[in-house]
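Reader: I'd like to go through this model with you, starting with its charged side chains. Could you take me through it step by step?

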Amino acid sequence: MTDAQTWTLIVGVLTTFVAIIGLVGAVFIRVIRAEIGGLRSEMGGLRSEMVVRFTAVNERLDYLDRDVQALMKHVFHRPE
């Protein structure tokens with residue numbers, strides 16, 4: 001091999017490596033973005049489910065408060 005052929009081969013190999021690294025990097029970034037998007041949708045679903053459950057707990061606490069107030073009126077005979 002001559003000196004020019006050696007340098008051409010080296011440049012060709014380096015160009016191939018840079019192209020492969022760029023391709024792998026692009027695919028990796030695309031996968032990461034897709035995973036983050038999926039995670040965001042999961043978090044949105046979790047948030048709405050938690051709102052529903054906290055609303056139900058709040059409603060139960062309101063009923064409990066009403067019942068305790070009724071018991072207090074009955075036990076201590078305090079008209080209000």
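Reader: Which side chain meets Arg66 in a salt bridge?

Author: Keep in mind that this is a predicted model. Side chains of opposite charge can pair when their charged atoms come close. The cut-off for a salt bridge is 4 Å from nitrogen to carboxyl oxygen, and here the N to O distance is 3.5 Å. The partner of Arg66 is Asp67.

Reader: Is Asp67 buried, partly exposed or exposed?

Author: Buried would need under 20% relative accessible area, and exposed over 50%. Asp67 has 39%, so it counts as partly exposed.

Reader: What about Glu49: which residue does Glu49 form a salt bridge with?

Author: Look along helix H1, which covers residues 3–76. The partner sits four residues from Glu49 in that helix, so about one helical turn separates the two. Their closest N and O atoms are 3.3 Å apart, and the partner is Arg53.

Reader: And which of these terms fits Arg53: buried or exposed?

Author: Glu49, at 40% relative accessibility, is partly exposed. For Arg53 the relative accessible area is 54%, and the exposed class starts over 50%. That makes Arg53 exposed.

Reader: Zooming out, what is the radius of gyration of the chain?

Author: The chain holds one helix and zero strands. Its C-alpha atoms fill a box of roughly 110 × 15 × 15 Å along the principal axes. A compact globule of 80 residues would come out near 12 Å, but the chain has 34 Å.

Reader: What share of the 80 residues is buried?

Author: The chain exposes about 7700 Å², with carbon and sulfur atoms supplying 68% of that area. As for buried residues, their share is 0%.

Notes:
Residues are numbered from 1 along each chain as its sequence is written. This is a predicted model: local features need pLDDT of at least 70, side-chain atom pairs count only at pLDDT 80 or more; totals for chains, interfaces and linings use all residues. Side-chain values use heavy atoms; hydrogens and water are left out. The radius of gyration is taken over C-alpha atoms; the globule rule is 2.2 Å times the number of residues to the power 0.38. Buried means under 20% relative accessible area, exposed over 50%, partly exposed in between (1.4 Å probe, protein chains only). Accessible areas come from the Shrake-Rupley method with a 1.4 Å probe; for residues, only the protein chains shown count as cover.
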